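Subject: Structure handover

Hello,

Here is the structure for you to take over. Please open it first, then read the notes below.

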Amino acid sequence: GLTLLGSSGGSSIKFYTATANNTVGALRATINSAGNTLIQSTGTGSVPTGALIQTADANSPLTLWNESNSATYAAIKLETRTSSASGWMIANEWQSNYNGDLLFRARDGGTSSSEIVRMKSSGSVGIGIDPSELLHVYHGSSTAAIRVSGEGNVNRKCQIEYNATDGPIVRAGSTGIVSLKFAVDNTTIAGKFDTNADFYTN
């Protein structure tokens with residue numbers, strides 16, 4: 001195999017590109033003595049609107065390509081620790097000609113992992129599920145909910161959820177929140193539920 005060594009203890013390994021023989025050109029990548037890697041580029045262009053694949057792009061210094069025409073995905077894996085390690089995988093999963101899903105998968109046991117988020121090339125996002133709507137949240141055995149919080153308090157909330165006991169619920173929560181309001185035209189309050197279950201309309 002090929003072994004690359006720094007010139008002295010604590011030194012880095014550096015990679016350059018040159019425009020002529022026997023010249024030192026631009027620094028493109030560095031691996032330091034701690035194993036950290038820096039890949040450099042000097043691109044200044046706009047985000048591309050083309051096909052994104054198999055083309056040189058000075059703004060994208062790292063491209064990972066699974067070139068097999070039988071491939072089902074290309075991925076990056078992130079692992080932390082050796083014993084009882086945590087792990088994530090970020091993958092581009094091929095679906096059909098020119099279309100792939102971006103998915104995030106996490107280790108959840110000694111020999112298992114679960115898909116956490118999936119983004120379709122159509123723009124749909126699924127949390128816990130392959131989405132059938134623009135945003136789809138799913139939990140296989142417990143309550144699934146979407147919460148919006150404000151005022152620096154996670155419990156000052158509006159929450160849409162589904163649970164096995166009560167079915168679909170819309171919640172307004174926290175001390176001082178005594179009604180759930182419905183607005184139209186961005187600012188006009190069209191109606192509200194109060195804590196005594198009365199419903200009022202303008």
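Let's start with the pocket. Strand β5 gives the largest share of the lining of the largest pocket, with 5 residues. Bear in mind that this is a predicted model.

The largest pocket holds about 1500 Å³ of space. It is lined by 35 residues, and those closest to its centre are Leu52, Ile53, Leu64, Trp65 and Asn92. Three elements give two or more residues to this lining: β4 (73-80), β5 (86-96) and β6 (99-107). By type, the lining divides into 18 nonpolar, 14 polar and 3 charged residues.

One residue of β5 deserves a separate note. Isoleucine 90 sits in that strand. Its relative accessible area is 29%, so isoleucine 90 is partly exposed. Isoleucine 90 is 16 residues away from alanine 74 in sequence. In space, their C-alpha atoms are 8.6 Å apart.

Next, the surface. A nonpolar patch there is formed by Ile39, Leu62, Leu64, Ile76, Leu78, Trp88 and Ile116. Together these residues have about 630 Å² of accessible area. Leu64 is also among the residues closest to the centre of the largest pocket. Isoleucine 39, one of the patch residues, belongs to strand β3 (residues 37-39). Is isoleucine 39 buried or partly exposed? Isoleucine 39 counts as partly exposed, because its relative accessibility is 37%.

Now the charged pairs. The structure has 7 salt bridges. Three of them are described here.

- Aspartate 101 and arginine 118: their side chains meet in a salt bridge, at 2.8 Å from N to O. Aspartate 101 lies in strand β6 and arginine 118 in strand β7 (residues 113-119), so this pair ties together parts that are 17 residues apart in sequence. Aspartate 101 is buried, with 3% relative accessible area. Arginine 118 counts as buried too, at 7% relative accessibility.

- Glutamate 115 and arginine 118: here the side chains meet in a salt bridge at 2.7 Å, N to O. Glutamate 115 has a relative accessible area of 23%, so glutamate 115 is partly exposed.

- Lysine 120 and aspartate 130: the closest N and O atoms of this salt bridge are 3.3 Å apart. Lysine 120 lies in the loop between β7 and β8 (125-127), and aspartate 130 in the loop between β8 and β9 (135-137). The pair therefore ties together parts that are 10 residues apart in sequence. Lysine 120 counts as partly exposed, at 22% relative accessibility. Aspartate 130 also counts as partly exposed, at 42%.

Which residues do shared salt-bridge partners join into one network? They are Glu93, Asp101, Glu115, Arg118, Lys120 and Asp130. Arginine 118 shows the sharing: it pairs with aspartate 101 and with glutamate 115.

For a first look, I would begin at Asn92, one of the residues closest to the centre of the largest pocket. Then go to arginine 118 and its salt bridge with aspartate 101. Finish at the nonpolar patch, where Trp88 is one of the members.

Best wishes

How values were computed
Residues are numbered from 1 along each chain as its sequence is written. This is a predicted model: local features need pLDDT of at least 70, side-chain atom pairs count only at pLDDT 80 or more; totals for chains, interfaces and linings use all residues. Side-chain values use heavy atoms; hydrogens and water are left out. On a 1 Å grid over the protein atoms alone, a cavity is a set of points where a 1.4 Å probe fits but cannot get out, and a pocket is an open set with protein on both sides within 12 Å along at least five of seven lines; lining residues have an atom within 4 Å of a point. Grid points are joined across faces, edges and corners, and a volume is the space filled by probe spheres set on the points. Helices (H or I, at least four residues) and strands (E, at least two) are DSSP runs, numbered from the N terminus. Ala, Val, Leu, Ile, Met, Phe, Trp, Tyr, Cys and Pro count as nonpolar, Asp, Glu, Lys and Arg as charged, and the others, Gly among them, as polar. Patches are made of residues with over 30% relative accessible area and no salt bridge: like charges are joined within 9 Å, nonpolar side chains (Val, Leu, Ile, Met, Phe, Trp, Tyr) within 5 Å. Accessible areas come from the Shrake-Rupley method with a 1.4 Å probe; for residues, only the protein chains shown count as cover. A salt bridge is a side-chain nitrogen of Lys or Arg within 4 Å of a carboxyl oxygen of Asp or Glu. Buried means under 20% relative accessible area, exposed over 50%, partly exposed in between (1.4 Å probe, protein chains only).
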